[in-house]
Amino acid sequence: MSALKKTGSVFVLSLIKDLGKEIRKLLPVDIEMKTIIPVGKQEKSTNLWEVILADDVIKQLEGAEILVTESFMLRQFMYDIPSLKWVQCTWAGMELLIQVMDAQKPEPPFAVTRYAAMNVGNSLAEYVVGQIINNERKFYQKWESQKQKIWDFHNREYRILSELTIGIFGAGNLGSTVAKFLKQRGATVLGLVRSTPKTGKSDFDKLVTDLSEILPYCDYICNVLPSTPHTKGLLNGEVLKMCQKKPFFINVGRGDVILEEDLIHALNQGWILGAALDVFIEEPLPTSSPLWNRPEIIITPHVGSLSKAEGVAKFFFENYQRFMTGKELMCKFSWTRRY
């Protein structure tokens, strides 16, 4: 099948099941669409399902102007399809793309948008709330008591959400959605940002620009930040020594916000009392990692939010309408800021 030439035609190259079908349902009938099967070599990487695309798959993209795909696929041909005008990625994270940016080459001329819709934020919010409730009500400890047939009636004290102060690192689309979710349940929510916005309604009770203004006051701290030069190692060293309330740490952003050894040091020092980790510097988390053996740490395999066909399709179509009418795209990735 030859490449489509009609302006507004859509190419879909994705491992998300039925994504092409869901997009086709939303596009006008006269808009052409081409779904390409991502055939190639499966390789072990930080992404368990990464596929190194076959050359003939990439060749099918010739002439594409609008493309929906995963960031790890885009990085394999980002400098090779000169016709591209806009790429909608199916994930929020862009670090796989950033890794292959060539400083010796000009920025790619096409726009890239992240999938950071409200339903993604809601999914992350449910994960965060789930971990908070699990920790407060000691569900894992209760399960251990059950296995031993112990009626653990005396270990029953817990706090409800409205009694907690929660700090969120990152106040973009995802962080704001998590904050709004928590505030609706009565929690006090503080947000860490690079610069305080001058106007506009915030989903946070307070926005701050320095860790010293947030760490001492929180019962829980939650990282929703992407991986950028400004966020890598943000909590390294003895930064968490500023925590005065011995909070519980939840990470649904990126693993490189803190080194593994620094997180363990913070636990050993009692600066934080525990952690729920969904993201790691190396994924899958190696079996040799000492994190596996810490009883105060809960490990989940990067499942805080999943990109599902219907949600991605709806988000893409809203952006498609914006693109076709010359309006600003939602969640546009900045080649300069790297997020």
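# Notebook: a sheet, a cysteine and some empty space

I started with a helix: α7, residues 173-183, lies across β8 and β9 (188-192), and it runs at about 170 degrees to β8. Note to self: this is a predicted model.

**Entry 1: the sheet**

Next I looked up the sheet that β8 belongs to. It is an open sheet of 7 strands, and the pairing is parallel. I wrote down the order as β10-β9-β8-β11-β12-β13-β14. Which strands stand at the edges? I found β10 (206-208) and β14 (297-299) there. Each has a single partner strand, so one side of each is left without a neighbour in the sheet. I also noted the twist, which averages 15 degrees from one strand to the next.

A reminder from class: strands of a sheet pair through backbone hydrogen bonds, either parallel or antiparallel.

**Entry 2: β11 and its partners**

I picked β11 and checked both of its partners. On one side, strand β8 (residues 165-169) is joined to β11 (residues 220-223) by 4 bridges, and the two run parallel. Going through the pairs, I saw Gly-167 opposite Ile-221, and Phe-169 has Asn-223 as its bridge partner.

Then I turned to strand β12 (residues 248-251), which pairs with β11 over 4 bridges, again in the parallel sense. Here Asn-223 turned up once more, standing opposite Asn-251 of β12.

Which way do the β11 residues point? Tyr-220 and Cys-222 point one way, while Ile-221 and Asn-223 point the other way. Buried or exposed? I have all four down as buried.

**Entry 3: a closer look at Cys-222**

I stayed in strand β11, where Cys-222 has its place. Its relative accessible area is 1%. The cut-off for buried is under 20%, so Cys-222 counts as buried.

What does Cys-222 touch, leaving out residues up to four places away in sequence? I listed Gly-167, Ile-168 and Phe-169, then Ile-250 and Val-252, and also Val-128. The first three of these names include Gly-167 and Phe-169, which lie in the stretch 165-169 of β8. I also looked up Gly-191: it is 31 residues from Cys-222 in sequence, and the C-alpha atoms are 9.6 Å apart in space.

**Entry 4: the cavity**

On to empty space. Rolling a probe the size of a water molecule over the atoms shows where such space is left. How many cavities of 30 Å³ or more does the structure hold? I found 1. The largest cavity has about 30 Å³ of space.

I noted its lining: Ala-92, Gly-93, Met-94 and Glu-95, then Arg-114, Pro-226 and Ser-227, and finally Arg-338 and Tyr-339. Sorted by class, that lining has 4 nonpolar, 2 polar and 3 charged residues.

**Entry 5: the second largest pocket**

Last, I checked the second largest pocket, which has about 240 Å³ of space. Its lining has 14 residues, and nearest its centre lie Tyr-140, Gln-141, Pro-295, Glu-296 and Ile-298. The elements that give two or more residues to this lining are α5 (118-137), α6 (139-147) and β14. Which of the elements gives the most? I have α6 down for that, with 4 residues. By class, the lining of this pocket divides into 7 nonpolar, 4 polar and 3 charged residues.

Terms used. Residues are numbered from 1 along each chain as its sequence is written. This is a predicted model: local features need pLDDT of at least 70, side-chain atom pairs count only at pLDDT 80 or more; totals for chains, interfaces and linings use all residues. Side-chain values use heavy atoms; hydrogens and water are left out. On a 1 Å grid over the protein atoms alone, a cavity is a set of points where a 1.4 Å probe fits but cannot get out, and a pocket is an open set with protein on both sides within 12 Å along at least five of seven lines; lining residues have an atom within 4 Å of a point. Grid points are joined across faces, edges and corners, and a volume is the space filled by probe spheres set on the points. Ala, Val, Leu, Ile, Met, Phe, Trp, Tyr, Cys and Pro count as nonpolar, Asp, Glu, Lys and Arg as charged, and the others, Gly among them, as polar. Two strands pair if DSSP finds at least two bridges between them. Axes are lines fitted to C-alpha atoms, for helices over the stretch in contact, and angles run from 0 to 180 degrees between N-to-C directions. Contact means heavy atoms within 4.5 Å. Buried means under 20% relative accessible area, exposed over 50%, partly exposed in between (1.4 Å probe, protein chains only).
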